[in-house]
Structures are given as C-alpha cells and as structure tokens.
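Hi there,

Here is the structure I promised to pass on to you. Have a look at it first, and then read on for what turned up.

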Amino acid sequence: MSASAVLTRWNELDAEAAAREVFPCCGSLTWAESLAARRPFAEAEELYTLSDAVWAGLAEDDWREAFDSHPRIGQTHARAATAESLAWSSEEQRVAVSADEAAKLALAEANRQYEEKFGRIFIVCATGKSAPEILDVCQKRMNNTPAAEMLEAAEQQRQITQLRLRRWLGGN
C-alpha cells in the first residue's frame, strides 16, 4: 500500500482507532491522540512536520512514556511496548545486537550505568549503528547534565519516531 493510501485510510478512522494505529511509532499516548486529533493530512510531509511539533510540545512525562516503550539496546523486551514497536526496535538494533559477546556485555554495563545516573533507559536512534558506535554515544552522553540529557533523549526519540512514521506509511 502506498503512503498516500495508508494516510487516506488513517484519515478516515475514528480518533481512538487512529491514535491506536499510530501509537507504536512513538510510544506516547498523548502524542498519538494529539496527532490523530489534527487529521486529516493531505501529504506525508505534513504528518512528519506536525509530529515534530506535537513531540516538542509534550511534557517530560509524555517523553518518558515514549522512552519506556523501547527495550534496552541489545534486549528484546520493554516496560510498555506494543508488538509492532518491539519488532521495529529489533530491526533498528539489528547491527548492534550482532556484536560479539564482549561488546554486548559492554553495552549492558553502559545501559546499567546510564540508568543509575539518569533513572531511565538509554535512548538512541540505533538504526545502522554498531555496538561500538552506540557504546561511544552512551559514554559521551554520560557527561550530560540531567536536563541536557533529557533534551538529547527527546531528540533521539524524535528521530526514531520519524523513521517509524515513514516505515508505517510504507516509505522507507
């Protein structure tokens, strides 16, 4: 199905069904409901742009809800995720999880240290990144203040959401 066909069908759903369908792209119910309430969208680019605007206007609790929908790098389960979201996470982390055992252990330890410092899982747009690249990003971000790191995690989630919206629409 083309992106325009998916978008047309989505535009015709009731608000609750539309929010439920787009929810796995982000993991924040407020984001999904807000996006669904702003339909109809004529073009995919309009959806992508508004998605960013809605995301930027959310409260930190909504961002945390989205973060909780992701498994830790190298894992396959999350605190609160749909099956579709977990499948997308698996694909996004494909390169990282193919790493050798030492790299996987290093990622697990980096995840633990990050969670200890910031109180949430490490969020990174992992698509195409190797385990050493992700480990390097995590180690650098450990130097961030909590406020700066919240903004960086939100930016990473925004990027993930954009990729997932495109996947959902059948684009890339």
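Let's begin with contacts in the protein between residues at least 6 apart in sequence: 67% of them join residues at least 24 apart. Please keep in mind that this is a predicted model.

Now the overall picture. The secondary structure comes to ten helices and zero strands, so the pattern along the sequence reads α-α-α-α-α-α-α-α-α-α. Of the 172 residues in the protein, 44% are buried. The accessible surface adds up to about 8,500 Å², and carbon and sulfur atoms account for 53% of that.

Two loop residues are worth a visit.

Start with L13, which sits in the loop between α1 (3–12) and α2 (15–22). Is L13 buried or exposed? Neither label fits: its relative accessibility is 24%, and because buried means under 20% and exposed means over 50%, L13 counts as partly exposed. Setting aside neighbours within four places in sequence, L13 is in contact with A18, E21 and R39. You can also find P40, which is 27 residues from L13 in sequence, with 10.0 Å between their C-alpha atoms.

Next, go to S28, in the loop between α2 and α3 (29–37). S28 has a relative accessible area of 0%, so this residue is buried. Which residues does S28 touch, leaving out neighbours within four places in sequence? They are F23, W55, L58, D62, E65 and A66. In addition, a polar atom of the S28 side chain lies 3.2 Å from the backbone nitrogen of W31.

Enjoy exploring!

Best wishes

Technical notes. Residues are numbered from 1 along each chain as its sequence is written. This is a predicted model: local features need pLDDT of at least 70, side-chain atom pairs count only at pLDDT 80 or more; totals for chains, interfaces and linings use all residues. Side-chain values use heavy atoms; hydrogens and water are left out. Helices (H or I, at least four residues) and strands (E, at least two) are DSSP runs, numbered from the N terminus. Buried means under 20% relative accessible area, exposed over 50%, partly exposed in between (1.4 Å probe, protein chains only). Contact means heavy atoms within 4.5 Å. Accessible areas come from the Shrake-Rupley method with a 1.4 Å probe; for residues, only the protein chains shown count as cover. A polar contact is a pair of N or O atoms within 3.5 Å; within protein, one must be able to donate a hydrogen and the other to accept it, and residues adjacent in sequence count only if both atoms are side-chain atoms.
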